[in-house]
Amino acid sequence: MAIVERIEAATPDARRRLRHSNPATLASLGEIEVATSGDVRAAVERARKAQPAWAALSFAERGRFLERAARELAARQDEFVAEIVAETGKPELEALTTEVITACDALVFYAKRAGRILAERTLPVHLLKTKKLRVAYRPLGVVGIITPWNFPFILSLNPTLQALVAGNTVVLKPSEVTPRSGRLVEELWNAVGLPEGVFQLVQGDGETGAALLTAGVDKICFTGSVATGRRVAEVCGRELVPCTLELGGKDPMIVCADADLERAARGAVYGAFTNSGQVCTSTERVYVVDEVADAFTRKVVEETGRLRQGATGEFDVGAIIDAKQLDVIEDHVRDAVTRGARVLAGGRRNPSCSGLFYEPTVLVDVSHDMQVMRDETFGPVLPIMRVRDEQEALALANDSPYGLNANVWTRSKRRGIELAGGIESGCVVVNDCMLTYGVTESPFGGAKHSGIGRVNGEIGLQGFCRVQSILIDRFGGKTEPLWYPYSARKLRLLRGALRWIWGTSFGRLLS
Ligand code: NAD
């Protein structure tokens with residue numbers, strides 16, 4: 001079942017179209033028109049024209065648009081949630097919390113703090129006391145934002161609002177799988193009266209995204225798979241366009257012998273099955289130490305058995321976005337079972353649902369040669385591996401090209417922080433899971449193949465700026481000691497200074 005169908009242009013001057021269906025009910029959602037590369041270039045030009053006036057506003061003035069957007073979103077939450085649910089098949093509660101509430105929080109958080117985070121500041125100069133240093137955060141210009149389908153609203157809105165509050169204008173290309181959520185972002189900015197050209201939406205698929213990379217933007221903020229991220233990085237490298245890459249993960253969970261097993265099991269089930277496992281920070285593999293493995297696994301299976309899957313009424317686990325994703329999940333489970341894994345729960349498409357559903361699945365007797373332990377599954381599958389001790393867990397957790405997020409479960413916070421420090425990932429959570437994207441202060445991003453750069457927090461916001469250093473001479477005078485003419489005496493003095501300042505402990509203390 002294709003949830004997105006490509007419809008070729010009927011005439012040479014017509015645009016291609018994409019037809020969509022709801023993955024949970026298979027009901028038609030209509031069609032969208034795909035932007036051409038000419039449309040994309042025109043959008044970037046309009047954004048370029050609008051940028052100076054937008055950047056000339058104060059942080060407080062720009063922030064007021066964000067605060068208004070939060071109010072609008074709070075008032076129209078039902079409408080936004082319904083649209084996101086129709087397009088993704090996720091439970092209403094997940095759409096509300098992870099998409100809408102997180103969005104309101106981010107809008108107000110950055111509206112209130114951007115002025116402080118991006119304030120021009122004076123830094124002391126430790127050596128050249130005759131100079132003063134100022135560091136300023138200037139807008140970059142036009143930012144191109146390309147986003148995926150799994151959290152189609154928040155992952156489009158969040159980088160957009162950060163780029164905007166920093167004084168940039170934005171061209172957003174949402175996923176072709178979830179164009180309506182992209183349109184919600186546009187509707188929100190329209191509703192708060194953002195000036196013409198400051199935010200623009202271009203709809204389309206990979207071709208549209210590729211066109212945005214070369215349309216003259218000043219930065220690309222990309223969220224998506226490792227494979228596409230690599231292509232984006234190649235083009236940005238050639239064009240010398242800075243890019244942030246927020247890519248896939250294969251997040252490990254480590255359960256220590258002293259963990260609260262009740263909490264850890266519930267955390268594993270939530271971490272693996274929320275959004276049907278289609279989360280970049282899903283718990284995708286568990287390493288549990290031998291002495292608690294049986295008890296932990298039993299609790300996980302019990303907890304999984306209580307989950308309700310569906311499309312209407314009260315349910316916990318929603319649909320899978322499309323047939324391609326379902327195939328990946330099935331392949332991973334089949335490969336694991338063929339190599340000796342045992343299915344303790346799920347392990348198949350849900351026969352009682354008419355849409356695209358895969359049952360929450362628990363696997364044991366898994367090993368690291370199985371796809372389910374190596375490649376991103378992006379589905380409701382929780383493989384549990386028994387390990388000798390925490391050291392083996394750590395070594396296996398790091399035996400992966402991915403390094404986005406991880407979680408560690410122990411009653412000792414000190415041990416948790418120690419283990420977290422040993423994990424090669426951008427983020428780690430102790431005694432909880434995921435969360436790192438939702439905690440607005442937390443810089444979010446990957447290590448290894450999971451990405452380059454950070455979004456969120458102070459570092460993320462500063463990433464939407466050109467950092468400018470301004471060095472100012474304090475006292476004037478007709479010349480400087482290092483200017484011309486050079487002489488043997490100047491050379492002798494500098495050699496002496498070098499010996500004294502960095503060659504003696506007193507000098508090093510003063511420097
Ligand atoms: P994807 O890479 O297939 O697509 C992402 C976006 O890139 C889409 O908008 C797509 O149209 C566009 N695109 C495709 N080809 C392009 C090209 N050549 N040039 C420019 N743009 C192009 O990813 P997806 O299937 O939409 O999303 C799932 C992936 O995203 C998973 O791997 C998931 O882990 C990852 N993800 C990462 C984060 C994070 O913050 N690290 C968050 C969510 C999802």
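This report describes the ligand and the largest pocket of a predicted model.

Local features require pLDDT of at least 70 and side-chain atom pairs pLDDT 80 or more, whereas totals for chains, interfaces and linings use all residues. Residues are numbered from 1 along each chain as its sequence is written, and side-chain values use heavy atoms, without hydrogens and water.

**The ligand.** Around the ligand are 30 residues, each with a heavy atom within 4 Å of it. K173, E176, S225, T228 and E376 come nearest. The table gives polar contacts, that is, pairs of N or O atoms within 3.5 Å.

| Ligand atom | Protein partner | Distance |
|---|---|---|
| oxygen | E176, side-chain N or O atom | 2.7 Å |
| oxygen | S225, side-chain N or O atom | 2.6 Å |
| nitrogen | L247, polar backbone atom | 2.7 Å |

Of the 860 Å² of accessible area that the ligand has on its own, the protein covers 89% (Shrake-Rupley method, 1.4 Å probe). Among the helices and strands (DSSP runs of at least four and at least two residues, respectively), α7 gives the most to the shell, with four residues.

**The pocket.** The ligand takes up the space of the largest pocket. A pocket is an open set of points on a 1 Å grid where a 1.4 Å probe fits, with protein on both sides within 12 Å along at least five of seven lines. The volume of the largest pocket, the space filled by probe spheres set on the points, is about 1,200 Å³. Its lining has 46 residues, each with an atom within 4 Å of a point; W149, G224, S225, T228 and K324 lie nearest the centre. Helix α8 supplies the largest share of this lining, six residues.

Key: Polar contact = N/O pair within 3.5 Å; in protein donor to acceptor, adjacent residues only side chain to side chain. Sits in = over half its atoms within 2 Å of the grid points.
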